[in-house]
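Here are my notes on the model you sent, set out as numbered points. Please read them with the structure open beside you.

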Amino acid sequence: MAAVLTPAPTTTAVAARAVDAVKVYGQGATEVRALDGVTIGFETGRLTAIMGPSGSGKSTLLYCLAGLDSLTSGTAYIGDTNLTTLNDKSLTVLRRDRVGFVFQAFNLVPTLTAAENITLPMALAGKRADDAWLQTLATSLRIQDRLHHRPSELSGGQQQRVAAARAMLTRPVLVFADEPTGNLDSRAATELLELTRAAVEGFGQTVVMVTHDARAASYADRVVFLADGRIVEELHHPKLDDILDQLKGLGA
Amino acid sequence: MWKIALKSTLAKKRRLFGTALSVMIGVAFLAGTLVFTDTIGRTFDDLFAGIYDDTDTYVRSETSIDLGQGASQRGRIPGDMVATVAAVPGVGEAEGLVAGYAQIVGSDGDALGNPGQGAPTLGMSHISGELSPWQLTDGSRAPGPGEVVIDRGSYQKGDLTLGDTITVLTQTGPHEFTLVGTARFGSVDSPGGASVALFDLPTAQQVLLGGADEVDAVMVHAAPGVSEEDVTASIAAVLPDGVEALTGSEIIAETQDLMREGLSFLKTFLLVFAVIALVVACFTIYNTFQIIVTQRSREMALLRSVGATRRQVLWAQLLEAVILGVTASVIGLFAGVAVAGGLKAMMAAFGIDIPAGGTVFGARTAIAAMLVGTIVTIASAVFPSLRASKVPPLAAIRDIAADAGGGRSRGRLIQGGVLTLGGVIAFVAGLTGSGLLLVGVGALLIFVGVFVLGPLIARPVARSLGAPIAAVGGVAGVIARENAGRNPKRTSRTGGALMVGVALVVAITVIAATARDWTHDVFAKQFTGDFVVSSSALGFGGISPELATTLNAMPEVEAAAGIRIGAARDMEREVDVQYIAVDPATAGRVFDIGMTTGSLGALTENGILVDNDRADARGLAMGDTIEFGFVNGTTRTLTVEGIYTKDDLAGAYVVSHALHEQTGVDQFDFSVYIATTGDVGAASAEAAIADATAPYANAKLQSRAEYIDAQAAQIDQILNLMYGLLAMAVIVALISIANSISLSIHERTRELGLLRAVGMTRHQIGSAVRWEAAIVALLGTTLGAALGVCFGWALSVTLRHEGLMAFNIPGRSLAVIVVIGVLGGVIASVRPAWRAAHLDVLRAIATE
């Protein structure tokens, strides 16, 4: 009886996953298999880093999981939602309500203030932002006094933190970050990574980050290595040196 | 989302300014035309309401013949009708009205006014009492025999003094009168710019009608307490056949309607040019939005990736178009008032003096301008906005090329080809009879088709047109050529607006040149005389027949042929036709109209000469008869006494003066064509003719060559007017170039910074930008000139059956147009070039 009362293990422990994901660009001689049968899940409440040399398929994996790009075959899920069955409109709504993004560059709409940029997904959905949550996020990301400035009046680090706040405002299932520190100096990068780490621990935010930077990856709970469209290795709670060794092995 | 769209629109104020300006100009032109024509309409409405405000009944002839172009001619009624009407019970006051042509001669000997093009120059019988719309000014008295009262406007313009003896030209020649007063029309000195000479009724009948005891109308003021309907009904009961009675309200409404009809022609003419400017504005808006959408694709992709739906992006773009359209339309609407003033000044400069009172700014004008401006903007922005909504979210992350694609595609070729072909079919169908609107639609389709095809040829054409520029311009020239060729879609879109403007300018230039040649040709072959005395009047007034009589009596003159224009009702077909009336004794010695049977000299009072085309169409041969009805109610059966082939000057029908004089209309020669005997030298013959002509202040003596040149020059006058009206469209097209270049520079900020960093001077950058503009403008003008020549050719072929045989491509004019177009493009690029040259190098390179 007891076994009957025990809830069945739910899939909520995995925020997003890909099953046999294949992505092919081009045809014939110019065919490139950017993803070649990737199966992976991302656990809730953890910071996962995806690493690999240029052309290994790490960005493609991110875009396909985020619904920005479509798979050639295989399936991708956000929570329990199978992305491959959704049309453009449903994908858009999914991105808006359940996923957050931080890109390497051009993260903010130049004509809107920081606060307006942060609440943009809510505005697009025609909803009101949760002011208290906005203040909490702004404070924890240390941009509370920059909210009424335009992007051009913010430093690069501040811009990325505004983007991070925007990504988390809708309390998304997970946040995708594509080389978030790529354009930042090391001080700003460190600050962003520390604050991201704090968000993961403090708010239980799930984050998936693609990066080239071993130091950035060292903030992750788990580092997944890709090469030629396949997963070749993964490390848990790695030290910086472990990551660097692994990268050397991949020839990156 | 609205807020985002609003903010992004405001952030691009400068980028959108050029676009707004082009909409504004189009709307201002449209609003200006409406304000202008409404103002004229109101002026005339008030004028007619003023003339007849105390008239309860208006008695006149029932017979009226259409003269074409909205004018008509009405018969007169016997003078004893005044007494008949006055005797009707209920009539308070009845006055006979006589009106005809009379031109007052100023103190310097020149006739005042220009009845051929401007307001009429009238002679009228003076009406006393309440019926008179005229109020005598202080020191004036009503005219008696040998006396005249003139309007205050002419009194001032002619620099005349009360008590002077002044000359007034009428049907019966120049007459001298003592000026005993001036009159004002309500509160104005000269109603609608018309000049008026007032005589007592017998004098008016004598000098204006040549002595006939007739009146044009009887104006009636009812006795107290009698309504206009009642008095009109009583009068109608006693009137003989052929005479009718209208109430005051009816005559006001009728004259106002007639005026509006005439005005609607002017309105349509001006609106065509407003529409052209708006069409060019469409091309400009379309191009600007395409560029802006391209430049904002990353921003839109970012919005898409954080959750904006396609529809939201589409609406945001369209909202921008709405804001732009509404703002530009509002400004354009008010600028329209200024344009209305400009149009009036422009028409006046071309000799068409249209009176206008207080500006009329109707609700209809506001609604039309706002709707058209906004809809045109939104419609032009629809395609670019749809494209914006299709930007994939990934474009935010990856660098997706700006619309630099070569635009080479089968789809484009097919679309463009189909549009152009459809346009050609519509154009040709329109020309061959289905109407001008179809011609316009066809031309528009051709423009759009070529616009679509443009990118296919833009690169090679820009390269080859740019080759000489690259050769002379050094590195700046090479860069300019490459920039013009690297984005063929944009280059051809930018040049497209100019293409439309130039094509129209070239088309009318070609037609005008052809028409000029035709004029020279026709007169050279069909007019065999030596001198011409002409008046500016055509259809109203002219030269008294006395002059031709005087000239024919002179030993120096072999023949002086006075030519009159008349109209009759073709009784068989029940249409009104125009004819030329000649003196058989003289006409044949001055004109060669290609008689195949019969002769001009043998034309009798009961005969008619018919053009061979008309004769064929109606199956008429020598000896057949035609029945013509005239305004005085008579009907004549005319025998065909000759057939001629050259109808360019003679028209379809020619009758004799003797017949024309019996039709009850005033007799005027619009021109007198003279052959000299050759017994004396040309100089002394001219001097003698000039002496005889001198008293006729409205007549102008010219030699054969001068006259022919003057006729051809009239075409230039119309051409210049149309150039002036097309200028608006060309300005809009040049704005398109300025706008596009400016946006391209914005886009190439980094590249320009790099060029500066590696050592390109400011001067070189500036000249590269200017050269690029020159290439784009050259592309537009060349395409436009080619299209324009085709249009002109098609039109001249269509006019061939109207006798326009020549086809002339005026090479020099075309060259001038192309040079002006290119210079315009370069001038338009001056500001963007300056901005490009003065970019801060470091900041330019750091630009994302």
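1. Rings of Phe, Tyr and Trp (its six-membered ring) are taken as a pair if their centres lie within 6.5 Å, with planes under 30 degrees apart counted as stacked, over 60 as edge-to-face and the rest as tilted. On that basis, Phe523(B), Phe527(B), Phe591(B), Tyr673(B) and Tyr707(B) form one aromatic cluster, and the structure holds 20 aromatic pairs over all chains.

2. Some conventions should be kept in mind. This is a predicted model, in which local features need pLDDT of at least 70 and side-chain atom pairs count only at pLDDT 80 or more, whereas totals for chains, interfaces and linings use all residues. Residues are numbered from 1 along each chain as its sequence is written, chains are lettered from A and ligands numbered from 1 in the order in which they are written, and side-chain values use heavy atoms, with hydrogens and water left out.

3. Chain B has 25 helices and 25 strands, where helices (H or I, at least four residues) and strands (E, at least two) are DSSP runs numbered from the N terminus. Its C-alpha atoms fill a box of roughly 95 × 70 × 55 Å, taken along the principal axes. Of the contacts in chain B (heavy atoms within 4.5 Å) between residues at least 6 apart in sequence, 82% join residues at least 24 apart.

4. Buried residues make up 54% of the 848 residues in chain B; buried here means under 20% relative accessible area, exposed means over 50%, and partly exposed lies in between (1.4 Å probe, protein chains only). The accessible surface of chain B comes to about 34100 Å², of which 60% belongs to carbon and sulfur atoms, the areas being obtained by the Shrake-Rupley method with a 1.4 Å probe.

5. Two of the ring pairs can be inspected one after the other. The rings of Phe177(B) and Phe199(B) have centres 4.9 Å apart and planes at 45 degrees, so this pair is tilted. The pair links distant parts of the chain, since Phe177(B) belongs to strand E11 (residues 173-185) and Phe199(B) to strand E12 (residues 195-199), 22 residues apart, and both residues are buried. For Tyr673(B) and Tyr707(B), the ring centres are 5.7 Å apart and the planes stand at 85 degrees, so that pair is edge-to-face. It too links distant parts of the chain, with Tyr673(B) in strand E24 (residues 671-676) and Tyr707(B) in helix H20 (residues 704-747), 34 residues apart; Tyr673(B) and Tyr707(B) are both buried.

6. In chain A, please look at the arginines placed over rings, a charge being counted there if NZ of Lys or CZ of Arg is within 6 Å of the ring centre and within 35 degrees of the ring normal. Arg17(A) lies over the face of Tyr77(A), at 4.1 Å from the ring centre, and Arg171(A) lies over the face of Trp133(A), at 4.3 Å from the ring centre.

7. Which sign does phi take in Arg171(A), a residue other than glycine? The value is positive, near 50 degrees, and Arg171(A) is found in the loop between H7 and strand E7 (174-178) of chain A, where it is exposed, with a relative accessible area of 51%. Arg142(A) likewise has a positive phi, of about 60 degrees, although it is not a glycine; it sits in the loop between helix H6 (131-140) and helix H7 (156-169) of chain A and is partly exposed, with a relative accessible area of 47%.
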